[in-house]
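Biologist: I would like to learn how to read a model of this kind with some care, beginning with the place where two chains meet. Could you take me through it?

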Amino acid sequence: MDFALTGEQEALRDTAAKYLADGRASAGSGQAWADAVGLGWLDPELGTVELALIAEQLGRAGSPLPWWATVGLAAPALGAAGRPVRRPATLAWAEPGGPDTLAAWIRAADGGAGSVAGGGEARTGAGSAAANGGRTAAGPAAAKGSAHPGPTCVVAADGTVTGHKIRVPHLVDASDVVVAAAGAHGVELRLVDGEHLRPRPVDAGPHGLDATRPVASVELAAVPSVPLVAPDRAADVLALTRRRALALLAAEGVGVAAQALATATGHAASRTQFGRPIGANQAVAHPLAEVYGQVETARSLAYRAAWSVDAESGPAADLAVVTATAAAREAATAACEAAIQTYGGSGFTWEQPLHRWYRRAWWLATFDGTVADFRAELAGLLLDGPGDTR
Amino acid sequence: MRRMDLRDSPEEAEFRAGLRDWLARSVPAAAGPDGAPPQGRWGDIAAVRAFTSALHAAGYAGITWPAEHGGRGLSPVYQAIYLEETARAEAAEHIGVIGLGMVGPTIIACGSPEQRGWYLPRILSGEIVFCQGFSEPEAGSDLSAVRTVARREGDELVVTGRKVWSSYAHLADHCLLLARTDPQEKRHRGLSCLLVDLRSPGVTVRPIRQMTGEAEFAEIEFDEVRVPVDAVVGGIGDGWGVAMTTLAHERGTFGFTLTARLEVAFRRLVATARARGRDGDPLVRDEIAARYVELEGLRWTNRRALAELARTGVPGPETSVIKLRWSQAHQRLTTLAVRLLAGGGEPDGWDRYWQHQMLRSRANTIEGGTSEVLRNVVAERVLGLPRSY
């Protein structure tokens with residue numbers, strides 16, 4: 001039992017923090033991407049714990065880099081096909097009228113809606129449900145039946161893809177786009193060149209809050225594609241993708257929360273009113289102490305989830321990832337809200353950059369489901385199996 | 001090369017397996033016919049004493065104490081495993097919780113060779129049972145305001161004063177007492193820590209009846225109690241430093257005990273939700289999931305702090321929030337459980353159990369450092385905010 005970072009991991013984290021502190025990385029330019037490649041942030045040998053440490057620092061810095069979409073969303077499929085990950089990449093899954101979340105795609109890839117019971121409440125990854133021996137089938141959610149719409153995005157015999165994808169993160173930045181679509185033998189993952197796509201940026205909805213993490217819709221009309229992951233492996237690769245992407249976002253949320261807390265603490269110690277620093281008032285200090293507790297417990301869960309993704313079985317990793325997701329997303333919004341309140345009027349201004357982290361916190365809070373959705377999934381994992389909870 | 005690994009090492013796994021095996025053989029079934037746990041952890045003192053002897057004989061008392069003082073000399077990881085497994089097995093505690101966890105380590109750190117030789121083996125075996133005499137009616141969160149006086153008379157100190165909220169004092173025969181030995185000095189100076197035999201003339205122990213109806217704490221009155229000077233731990237006047245050593249041990253791996261108990265409580269919460277048919281209610285499911293996230297947050301933060309402790313000898317700053325967040329989590333859990341019972345089903349032992357737990361949990365944000373004091377500690381010592389008023 002040794003829950004401590006190694007010297008290498010600490011060095012990776014500290015180098016990232018140092019690089020991100022000098023502002024070069026905030027440009028969102030080609031140079032920033034080249035720097036990320038040069039720093040080794042795309043190296044295939046990095047484990048999920050190492051990636052989580054980078055994600056945390058990127059969250060702290062409020063970075064616009066399309067790194068998370070590349071390593072979290074696209075890399076599992078690219079890696080499964082033995083393709084290098086060098087260029088900005090992303091994954092297109094959500095469809096209007098089709099499977100909406102990654103969990104829904106995992107179910108669809110696992111042989112359709114019928115194989116796994118559970119509706120919106122029990123959003124259990126299909127991989128975990130299968131490995132659980134149908135544990136998730138017993139719960140009240142099962143009674144709701146299976147009204148899961150099938151994929152509408154399809155692969156034609158000539159390998160072209162046709163369909164409508166929504167909420168694709170960083171699509172405007174991506175050179176490589178992994179597309180989840182239905183082929184003749186089930187769900188497969190295919191690679192489309194970003195050059196062939198005409199993304200329509202979307203600034204409505206919760207995801208529009210954060211311009212540094214843009215989402216776009218796209219219409220695919222017989223777009224050429226190459227195969228990455230065949231139907232027999234799609235569910236497993238999508239399950240890994242979901243675990244990896246969510247674990248990295250949990251770490252990013254911890255970074256956002258830590259930055260908001262540090263900013264608020266600095267202000268509380270230096271801003272003077274009534275002849276003393278405002279942080280000498282318990283009414284100001286105590287909410288920040290509570291936030292500290294929330295951030296540290298979320299950090300523990302995020303690191304543990306990242307470790308679990310590489311080291312534990314699918315069901316155990318799903319439980320760890322969903323738990324960390326709920327904690328980190330709540331910590332991020334709560335820390336930003338406490339920070340804005342600590343700053344008083346200036347916290348509400350455009351010039352005070354707290355709103356940048358708050359926007360990112362809300363982006364995180366709604367990505368692929370809300371905190372309530374993830375708690376519902378957790379309840380399914382905890383309550384809908386027989387016997388003990390662990 | 002060392003790698004982060006959250007699993008037990010082979011040695012740790014072996015220790016855990018051996019302990020589980022021992023517990024399976026040694027813990028008597030205590031649940032009633034409806035499966036509800038018995039009231040309180042100290043309901044049957046004879047059973048607690050018997051279990052203490054068995055623990056000691058099996059080598060599970062003083063796991064982290066140095067071997068030269070009769071312990072196993074193992075790292076805090078093993079203590080954590082012990083605390084987890086005994087809580088999961090719903091085993092009784094060693095009767096000398098305060099002695100093993102706080103007073104013994106204080107004697108090891110600050111005591112004389114004679115004190116170590118006499119007290120330590122007796123604490124381990126459960127022959128003597130310690131309580132802690134720190135808090136007073138006028139010295140709660142502000143411990144430096146103690147008024148209990150120990151007046152020097154030749155080779156003796158004569159103790160007069162009143163201590164309150166002393167856990168397990170009604171079971172204890174010894175007390176680690178914080179008293180003022182120099183009445184001229186103020187606040188943190190002029191205090192001393194004494195090892196007092198509670199069977200001495202002039203000592204009166206009165207149990208304090210809590211809102212649960214039971215009495216886990218007591219008030220101790222000292223009326224001209226004569227204590228030999230060599231009962232002082234550390235030097236005369238060093239009491240504040242010694243007391244802080246004791247409290248540091250209270251806040252050390254105690255998080256594992258608290259969290260392991262919360263884990264048991266969570267398991268019982270799930271069982272209650274199922275038994276009362278409330279596990280399909282989406283609001284209940286949401287709350288149960290939220291309680292699980294809190295529990296897991298504590299579990300893994302304990303482990304992270306433990307790794308820091310093993311590496312540097314000092315627990316990490318995140319330790320300071322464990323008791324704060326545990327107390328809130330436990331209060332939320334017990335109040336949820338009581339609401340689960342309100343629905344249907346024949347009332348049984350579980351109603352009594354959860355009502356008791358719910359009332360008892362109100363003390364969690366007060367005992368062992370109030371939440372307000374702990375938030376001050378985090379704000380000032382961890383976040384570096386200015387001292388509050």
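**Reading the interface and two helices**

Modeller: Between chain B and chain A there are six salt bridges, and please keep in mind that this is a predicted model. In one of them, the side chains of Asp286(B) and Arg375(A) meet with an N to O distance of 2.9 Å.

Biologist: Which elements of chain B give two or more residues to the side that touches chain A?

Modeller: Those elements are α1 (10-26), α3 (76-88), α7 (254-275), α8 (282-312), α9 (322-341) and α11 (371-382) of chain B. The largest share comes from α8(B), which gives 18 residues to the side that touches chain A, and by character the residues of that side of chain B divide into 26 nonpolar, eight polar and 23 charged.

Biologist: How is the size of such an interface expressed, and how much area do chain B and chain A bury between them?

Modeller: The size of an interface is often given as the accessible area lost when the parts come together. Here chain B and chain A bury about 5,100 Å² between them, with 62% of that on carbon and sulfur atoms. Of the area that chain B buries against chain A, Met4(B), Arg285(B) and Arg304(B) supply 16%, more than any other three residues. Counted by residues, 57 of chain B are in contact with 54 of chain A, and there are 18 residue pairs in polar contact between the two chains.

Biologist: Turning to a single residue, is Ile98(B) buried or exposed?

Modeller: The relative accessible area of Ile98(B) is 9%, and because buried means under 20%, this residue counts as buried. Ile98(B) lies in helix α4 (residues 97-110) of chain B, and, leaving aside residues up to four places away in sequence, Ile98(B) touches Val103(B), Phe130(B), Cys131(B), Gln132(B), Ser167(B) and Tyr168(B).

Biologist: How many residues of helix α5 of chain A are buried?

Modeller: Eight of the eight residues of α5 (residues 102-109) of chain A are buried, and the helix is thus described as mostly covered. Among them are Trp105(A), Ile106(A) and Arg107(A). Just after α5(A), Gly111(A) takes a positive phi of about 115 degrees.

Biologist: Where does the UniProt record place a domain on chain A?

Modeller: The unreviewed UniProt entry places "domain: Acyl-CoA dehydrogenase/oxidase C-terminal" at residues 248-370 of chain A. In the model that span is 78% helix and 3% strand, and its end C-alpha atoms lie 16 Å apart.

Terms used. Residues are numbered from 1 along each chain as its sequence is written. Chains are lettered from A and ligands numbered from 1 in the order in which they are written. This is a predicted model: local features need pLDDT of at least 70, side-chain atom pairs count only at pLDDT 80 or more; totals for chains, interfaces and linings use all residues. Side-chain values use heavy atoms; hydrogens and water are left out. UniProt positions are given in the numbering used here, feature names are shortened, and annotations may be inferred rather than shown by experiment. Helices (H or I, at least four residues) and strands (E, at least two) are DSSP runs, numbered from the N terminus. Contact means heavy atoms within 4.5 Å. Buried area is the accessible area (1.4 Å probe) that two parts lose on being put together, summed over both. A salt bridge is a side-chain nitrogen of Lys or Arg within 4 Å of a carboxyl oxygen of Asp or Glu. A polar contact is a pair of N or O atoms within 3.5 Å; within protein, one must be able to donate a hydrogen and the other to accept it, and residues adjacent in sequence count only if both atoms are side-chain atoms. Ala, Val, Leu, Ile, Met, Phe, Trp, Tyr, Cys and Pro count as nonpolar, Asp, Glu, Lys and Arg as charged, and the others, Gly among them, as polar. Buried means under 20% relative accessible area, exposed over 50%, partly exposed in between (1.4 Å probe, protein chains only).
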